[in-house]
Each structure stands twice: as C-alpha cells, then as structure tokens.
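Here are my notes on the model you sent. Please read them with the structure open beside you.

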Amino acid sequence: MGRLVAVDIGESFGSPFGKTKEIGDLISIILNASFAVAGIIILFLFILAGISLIAGAGSSDPQKIEKGKKTLTSAIIGFIIILGAYWIIRIIEIITGSSFVTNPTI
C-alpha cells in the first residue's frame with residue numbers, strides 16, 4: 001500500500017500535474033484545460049441549438065424554435081467571451097514577454 005503512494009503520476013502517465021515547479025505552471029495547465037472544456041461545451045450548445053431549431057421547424061412549434069434561437073445566442077455569446085479571454089491573455093503574454101499559456105515551461 002505504501003508503494004502505491006510513491007508512484008509519480010507525472011512520470012508514469014505523462015501527466016503535467018506531477019511536473020509543476022511553480023504556481024505559474026499550475027495556472028498554465030488550468031487555463032489550457034479550461035479553454036478546452038469551454039470549447040467542448042460551446043460545441044455541445046451549437047449542436048443542441050441546431051437540433052432544437054430543426055425539431056421546432058419540423059413540428060411547427062414556435063416555442064421550440066425560440067428555445068433553439070436562445071440556445072444559439074447563448075453559445076455565440078459564450079464563444080465571444082472565451083475568445084476575448086484568450087486574446088486578453090495573449091496580449092498580456094506579448095506585453096510581458098512570457099508564454100505561460102501558449103508554451104508553458106513544464
């Protein structure tokens with residue numbers, strides 16, 4: 001049982017979590033993961049909105065069409081917010097001369 005605790009996850013599985021040396025490295029990992037998760041959620045919302053719009057048009061139900069439009073609008077707004085956050089971080093990287101999101105030193 002004691003040997004299980006001594007396994008270095010970063011070394012064994014190629015995980016970046018076992019290799020962080022500073023808090024900045026951990027923040028880089030979290031930011032990269034959050035952008036990936038946000039992209040997956042936005043893709044899911046686009047698909048859900050499309051299905052809702054098609055289903056509403058097929059059944060001539062204006063409430064389903066309106067729900068699909070609201071979902072699509074929310075997905076587009078979320079995409080713009082995530083894209084804006086990414087570019088703000090990129091501008092901070094350019095100004096400071098670091099690369100903590102685009103090329104973390106892990």
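1. Helices and strands here are DSSP runs, with at least four residues for a helix and at least two for a strand, numbered from the N terminus. On that basis the protein chain has four helices and zero strands, and its elements run α-α-α-α from the N terminus on. Keep in mind that this is a predicted model.

2. Next, the chain as a whole. Of the 106 residues in the protein chain, 16% are buried. Its accessible surface comes to about 7,800 Å², and carbon and sulfur atoms account for 72% of that. Among contacts with a separation of 6 or more, 47% are between residues 24 or more positions apart.

3. The aromatic residues deserve a look. The structure holds two aromatic pairs. In one of them, the ring centres of Phe35 and Tyr86 are 5.6 Å apart and the planes stand at 80 degrees, so this pair is edge-to-face. Phe35 belongs to helix H3 and Tyr86 to helix H4, so the pair ties together parts that are 51 residues apart in sequence.

4. Is Phe35 buried or exposed? With a relative accessible area of 18%, Phe35 is buried, because the cut-off for buried is under 20%. Tyr86, at 28%, is partly exposed.

5. Tyr86 also pairs with Trp87, again edge-to-face, with 5.7 Å from centre to centre and 80 degrees between the planes. Ring pairs thus link Phe35, Tyr86 and Trp87 into a cluster. Trp87 has a relative accessible area of 46% and is partly exposed.

6. Trp87 also appears in a nonpolar patch on the surface, together with Phe46, Ile76, Phe79, Ile80 and Leu83. The accessible area of these residues together is about 570 Å². Helix H4 supplies the largest share of the patch, five residues. Phe46 lies in helix H3, which covers residues 23–59, and is partly exposed at 32% relative accessibility. Phe46 can enter the patch because the cut-off for patch residues is over 30% relative accessible area, with no salt bridge.

7. Finally, the charged side chains. How many salt bridges does the count come to? The count is one. Glu93 forms this salt bridge with Arg90, and the closest N and O atoms are 2.6 Å apart. Both residues lie in helix H4 (residues 62–96), three residues apart, or about one turn of the helix.

8. The two partners of the salt bridge should be described separately. Glu93 counts as buried, at 2% relative accessibility, whereas Arg90 is partly exposed, with a relative accessible area of 22%.

Methods. Residues numbered from 1 in each chain as written. Predicted model: local features only at pLDDT ≥ 70, side-chain atom pairs only at ≥ 80, totals over all residues. Heavy atoms only, no water. Salt bridge = Lys/Arg side-chain N within 4 Å of Asp/Glu carboxyl O. Buried < 20%, exposed > 50% of the residue type's maximum accessible area, 1.4 Å probe, protein only. Patch = residues over 30% accessible without salt bridge, like charges linked within 9 Å, V, L, I, M, F, W, Y side chains within 5 Å. Areas by Shrake-Rupley, 256 points an atom, 1.4 Å probe, with all protein chains shown as cover. Contact = heavy atoms within 4.5 Å. Phe/Tyr/Trp six-rings, centres within 6.5 Å; stacked < 30°, edge-to-face > 60°.
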